[in-house]
Amino acid sequence: MKVLVPVKRVIDYNVKVRVKADGSGVDLANVKMSMNPFDEIAVEQAIRLKEAGQVDEIIAVSIGVKQSQETLRTALAMGADRAILIIASEDVHNDIEPLAVAKLLKAVVDEEQPGLILCGKQAIDNDMNATGQMLAALLGWSQATFASKLDIAGDTATVTREVDGGLQTISVKMPAVVTVDLRLNEPRYASLPNIMKAKKKQLDEKTAADYGVDVTPRLVVQKTVEPSTRKAGIKVGSVDELVSKLKEVGAI
């Protein structure tokens, strides 16, 4: 069985995001970029399935700018077998919208015929949480979102989902789209020998036009602002004073 793993290039989660002075977007100049953490978990899960003998090939796919090659090389160094880069923009500030991404991924699925798609539940830059669901709808496949545990037996995948207030376990028929959550696993670090080997692994470059998909954005960002700064707290001397303060701010 083939597994397809979409990965996205985003600002590294350790970096403090800065907004441009004119409010037109996020400043990406000289900013460290890395693989979306949720996608990294998806890659790790695909590798574990391969190590368990349930998967034959892992294909990593990234859609965006040419620099996304670095992200794909990371996936290859972790253990993916080959990669596909779909260049859909020349500007790093252009974020390809979920529907366009889902259409491009569907085209890749039609070519590669994987039995499972593992993707992060969302990207940490736009927090859309939509691509996996849209892709499942376009393919007409089963879907399981927010997976914190995944077991595959035959043509059935059993997924434990993180939902409000607890966990939910469902069974879905393969082929399926599964979006993964943080607690599914702990991604491995790529070793130096594997990083060197990744440079020789197959990485195919395509364009959105090759698949006949229009990636023109449907949304326009009007303005980007930083979140308001948190006000300093105050100390109170007694429970009565605490209750009084809470009443003043309308908390009780």
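**Exercise 1.** In this predicted model, determine which side chain makes a polar contact with the side chain of Lys121, and decide whether Lys121 is buried or exposed.

*Solution.* Begin with the contact itself: the side chain of Lys121 makes a polar contact with the side chain of Asp181, at 3.2 Å. Next, place the residue in the fold, where Lys121 belongs to the loop between β6 (116–120) and α4 (131–139). Then list its surroundings: leaving aside residues up to four places away in sequence, Lys121 touches Phe38, Asn129, Phe146, Thr179, Val180 and Asp181. Finally, turn to accessibility: the relative accessible area of Lys121 is 18%, and because buried means under 20%, Lys121 is classed as buried.

**Exercise 2.** Locate Lys8 and find which side chain is joined to the side chain of Lys8 by a polar contact.

*Solution.* Lys8 sits in the loop between β1 (2–6) and β2 (9–11). From there, a polar contact of 2.8 Å links its side chain to that of Asp95. Asp95 also appears among the residues that Lys8 touches, once residues up to four places away in sequence are set aside, and these include Ser34, Asp39, Thr71 and Asp125.

**Exercise 3.** Classify Val236 by its accessibility, and state which residues form a nonpolar surface patch with Val236.

*Solution.* First, Val236 is found in the loop between β11 (203–207) and α6 (239–248). With a relative accessible area of 34%, Val236 is partly exposed, because this class lies between the limits of 20% and 50%. Lastly, Val236 joins Ile234, Leu242, Leu246 and Val249 in a nonpolar patch on the surface, whose members together have about 430 Å² of accessible area.

Terms used: Residues numbered from 1 in each chain as written. Predicted model: local features only at pLDDT ≥ 70, side-chain atom pairs only at ≥ 80, totals over all residues. Heavy atoms only, no water. Helix = DSSP H or I, 4+ residues; strand = E, 2+ residues; numbered from the N terminus. Polar contact = N/O pair within 3.5 Å; in protein donor to acceptor, adjacent residues only side chain to side chain. Contact = heavy atoms within 4.5 Å. Patch = residues over 30% accessible without salt bridge, like charges linked within 9 Å, V, L, I, M, F, W, Y side chains within 5 Å. Areas by Shrake-Rupley, 256 points an atom, 1.4 Å probe, with all protein chains shown as cover. Salt bridge = Lys/Arg side-chain N within 4 Å of Asp/Glu carboxyl O. Buried < 20%, exposed > 50% of the residue type's maximum accessible area, 1.4 Å probe, protein only.
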